[in-house]
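Please walk through this structure with the text beside it, moving from the chains to the elements and then to single residues.

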Amino acid sequence: MEQTWKQARAAFAAISVPPLAWLLLFFLIPLGVIWAYTFGENTGPTTIDFTGTFANYARALEPLYLGIFVKSVVVAALTTLLCLIVGFPVALAIAFASPKAKAWLLLLIMLPFWTNLLIRTFALIAVLREQGYVNFALEWLWNNASGFMTLIGLQPLGEFEPLTLLYNNFAVVVGLVYVHLPFMVLPLYSALDRMDRSLMEASLDLGAGHLKTIFLVVVPLAAPGIASGILITFIPALGSYLTPDLLGGTDSQMIANVIERQFKRANDWPFGAALSFLLMYLTFIAIALQALVQRRSDRRA
Amino acid sequence: MAKGRYLRGASRRSLLQSFGAAAVGITFSSGLSACGGSGGGGRTVNVHNWDTYIADDTADNFRQATGITVNYTNFASNDELFAQFRAGNPGYDVIVPSNEYVTRMAQAQMLQELDKSLIPNMSNILPEFQDAPFDAGRFYSVPYTWLCIGIAYRKSKMPANFVPNSWRYLLDSPQFSQRIAVLGESADLIRIASQYKQYRPGHVAELTGIPDAVLSQVEQMLIRQKPHIKQFHTDNGQDLLVSGEVDVVMEYNGDIAQVMRDNDDIAWVLPTEGSMENQDCLCIPANAPHLAEAHAFINYILEPQPGADIAEYIQFATPNSAAKALMPDNYKNNSVIYPTPEEMARLRYGAFEGDEVSRRYEEIFTRISAA
């Protein structure tokens with residue numbers, strides 16, 4: 001027997017009031033305040049008048065800030081792409097693992113979440129810096145190779161020069177991919193796990209190779225999972241602030257770093273709010289695009 | 001502007017700073033004032049200071065001396081402190097802003113005028129610190145420590161007998177390309193670069209009114225130099241130097257004095273073009289719940305022995321002559337902690353010149369970073 005919520009109004013209300021109240025109090029109202037700030041003017045060190053001005057948006061749309069937005073979008077997009085390339089085979093492998101192994105593999109994917117983002121980022125610094133574990137390993141290999149070459153009578157290799165892996169855009173992308181990979185793997189896994197295996201068997205039986213099956217059958221079927229994976233990787237990557245701050249060099253500034261400085265050093269909350277909301281509008285556009293993809297794939301199914 | 005307060009190895013200060021920032025960007029402490037209360041009749045004082053910027057036993061000794069319990073909390077930067085007070089005092093009694101922020105917070109009416117009759121130990125403070133350009137008449141602030149920005153470097157990575165005694169090596173030269181880190185703090189970076197660009201308005205205490213022409217020269221110079229700079233650091237320059245990431249770094253003297261105790265290869269120089277002096281001050285925020293206790297705490301810190309204990313622990317310069325007299329010679333004669341009078345003559349305080357100027361510096365820094 002099918003029940004609709006109308007048959008249990010009281011129960012439905014009782015269940016929905018706490019989350020709705022929470023959402024209103026701690027999300028919508030503060031967000032509304034910040035949104036109001038975007039139309040405000042500083043009138044003193046701590047006072048803001050809501051004058052309805054568009055000056056903050058006008059300033060946020062200056063080429064300087066637009067350029068930083070574009071750069072942030074590029075970094076976030078690159079991060080998302082790399083997460084997809086790395087995450088897809090991982091998700092596929094987990095989906096096809098035995099049930100027991102599956103539980104363990106999923107646990108491994110989620111394990112990093114048990115550690116604070118900051119600790120993970122500092123750990124990454126210890127791995128990547130000039131006197132870090134990557135360079136230690138390379139130096140060990142280098143010295144052994146050098147020793148081997150003297151052994152067989154060749155010139156030894158020169159002095160080991162540590163690689164510069166930290167404080168540049170490379171480090172930022174590595175850090176962002178590392179941090180956001182679980183966000184990509186989990187939705188991909190859930191899409192791949194639900195998939196009807198008989199379709200793949202049919203494809204293989206009818207003569208398609210494994211790669212062809214993956215690209216022509218698995219990927220289209222997993223499209224909604226891919227779309228939501230892209231979305232929930234791209235959005236936090238776009239707003240990331242800690243990673244460029246700690247791992248980046250002098251040209252790794254992202255928009256969230258600029259926003260942070262408006263709320264702190266510059267003490268310019270209206271402008272910081274306008275920058276934040278521009279970022280949010282961008283996010284809404286991304287969500288709308290994802291919904292479009294979803295709808296199209298629903299229609300195809 | 002966190003100062004590396006007595007840290008070895010991994011930087012807890014950066015960690016704390018980023019933790020605070022990671023949460024939301026700004027943190028609002030919840031009602032600390034509840035701690036006061038009348039329950040039990042115990043007197044308390046809520047002290048909000050930089051991380052590891054006080055001796056381990058100061059709070060205990062204070063309680064034994066006065067019966068007042070200290071609730072001790074940390075902030076990580078002046079900006080964070082200011083943001084915490086934007087919506088009113090969250091319940092603190094004593095805070096420790098730096099010079100520029102004493103002015104900024106006083107102007108924003110975040111500070112309480114001090115009752116000097118309750119702070120007789122002010123007489124222990126050296127004459128030159130009895131007044132301050134950033135708080136004329138010392139209505140709001142009592143000096144706690146003072147510090148300056150200079151260049152720290154690795155001796156083994158320099159050419160023979162070479163001392164990088166000019167800001168040029170950090171700001172205007174490819175000599176140490178990609179082996180340089182400078183402070184990523186817009187105002188101090190711009191002020192130092194302006195001093196390098198010959199902006200020296202005579203023998204004044206504060207560096208103010210940098211002309212537009214100098215600002216645009218500074219911006220162009222830093223954009224040109226940027227490819228040679230490895231990082232605009234968040235005041236963890238000493239860590240970058242110790243871990244071998246860079247060879248020359250712009251940093252606060254106390255941070256370097258700390259790491260020099262363990263590392264013979266690190267040296268310090270105050271550049272010939274001049275630099276910035278900072279002063280961290282004890283202040284009572286407006287609407288402090290425990291006014292009498294706050295004054296008692298400040299007065300206690302200015303006593304000779306507690307002041308000496310703190311200086312011993314944090315290795316920053318103390319403005320307290322009675323406390324300094326109790327210190328061992330290797331502290332008193334430390335040329336990193338105490339620059340010579342000639343060097344002192346080249347130091348200027350950074351001044352708060354209004355929000356517009358701060359925003360302008362911030363935008364210049366954003367342009368440099370985006371270039």
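What percentage of the 301 residues in chain A do buried residues make up? In this predicted model, the buried share of the 301 residues in chain A is 33%. Chain A is built from 13 helices and two strands, and its radius of gyration of 25 Å is well over the 19 Å that the globule rule gives for 301 residues, so chain A is more spread out than a compact globule. The C-alpha trace of chain A spans about 80 × 65 × 35 Å along its principal axes. Among the contacts in chain A with a separation of 6 or more, 70% join residues that are 24 or more positions apart.

The next step is the place where the two chains meet. Chain A gives 29 residues to the contact and chain B gives 32 residues. On the side of chain A that touches chain B, at least two residues each are supplied by helix 3 (63-95), helix 5 (117-128), helix 11 (242-247) and helix 12 (255-263) of chain A. Helix 12 of chain A provides the largest share of that side, with four residues. By residue class, the side of chain A that touches chain B divides into 13 nonpolar, eight polar and eight charged residues.

From the contact one can turn to the packing of nonpolar residues. The largest nonpolar core has 160 residues, and those with the most contacts inside it are Leu188(A), Val94(B) and Phe297(B). Helix 7 (residues 169-194) of chain A contributes the largest share of this core, 17 residues. Within chain B, domain 1 (12-146 + 278-337) and domain 2 (147-277 + 346-370) both give residues to the core, so it lies between them. Once neighbours within four places in sequence are left aside, Leu188(A) is in contact with Gly87(A), Phe88(A), Ala91(A), Ala222(A), Gly225(A), Ile226(A) and Gly229(A).

The two domains of chain B deserve a look of their own. The C-alpha centres of domain 1 and domain 2 of chain B lie 27 Å apart, and 19 residues of domain 1 of chain B are in contact with 19 residues of domain 2 of chain B. On the side of domain 1 of chain B that touches domain 2 of chain B, helix 1 (12-24), helix 4, strand 4 and strand 10 of chain B each supply at least two residues. Helix 4 of chain B gives the largest share of that side, four residues. The residues on this side of domain 1 of chain B divide into eight nonpolar, nine polar and two charged.

How many of the nine residues of helix 4 (residues 99-107) of chain B are buried? Eight of the nine are, and helix 4 of chain B is accordingly described as mostly covered. Its buried residues are Asn99(B), Glu100(B), Tyr101(B), Val102(B), Thr103(B), Arg104(B), Met105(B) and Ala106(B). What covers these buried residues of helix 4 of chain B includes helix 3 (78-85), strand 4 (141-154), strand 10 (275-283) and strand 11 (347-350) of chain B.

Beyond helix 4 of chain B, the backbone enters the loop between helix 4 and strand 4 of chain B, where Gln109(B) is found. Gln109(B) follows helix 4 of chain B, and its phi is near 55°, a positive value in a residue other than glycine. Gln109(B) counts as exposed because it has 12 C-beta neighbours inside 10 Å. The loop between helix 4 and strand 4 of chain B is also the place of Arg138(B), which has a positive phi of about 50° although it is not a glycine. Arg138(B) counts as partly exposed because it has 19 C-beta neighbours inside 10 Å, where a residue needs 20 or more to be buried.

A last residue to locate is Asn320(B), in the loop between helix 11 (304-314) and helix 12 (321-325) of chain B. Why does Asn320(B) count as buried? It has 29 C-beta neighbours inside 10 Å, and the cut-off for a buried residue is 20 or more. Apart from its neighbours within four places in sequence, Asn320(B) is in contact with Asn124(B), Ile125(B), Leu302(B) and Gly307(B). Of these, Gly307(B) is 13 residues from Asn320(B) in sequence, and the two are 7.1 Å apart in space, C-alpha to C-alpha.

Note on methods. Residues are numbered from 1 along each chain as its sequence is written. Chains are lettered from A and ligands numbered from 1 in the order in which they are written. This is a predicted model: local features need pLDDT of at least 70, side-chain atom pairs count only at pLDDT 80 or more; totals for chains, interfaces and linings use all residues. Two residues are in contact if their C-beta atoms, placed from the backbone, lie within 7 Å. Ala, Val, Leu, Ile, Met, Phe, Trp, Tyr, Cys and Pro count as nonpolar, Asp, Glu, Lys and Arg as charged, and the others, Gly among them, as polar. A nonpolar core is a set of buried Ala, Val, Leu, Ile, Met, Phe, Trp, Tyr and Cys residues joined through C-beta atoms within 7 Å. Domain bounds come from an automatic or database domain assignment. The radius of gyration is taken over C-alpha atoms; the globule rule is 2.2 Å times the number of residues to the power 0.38.
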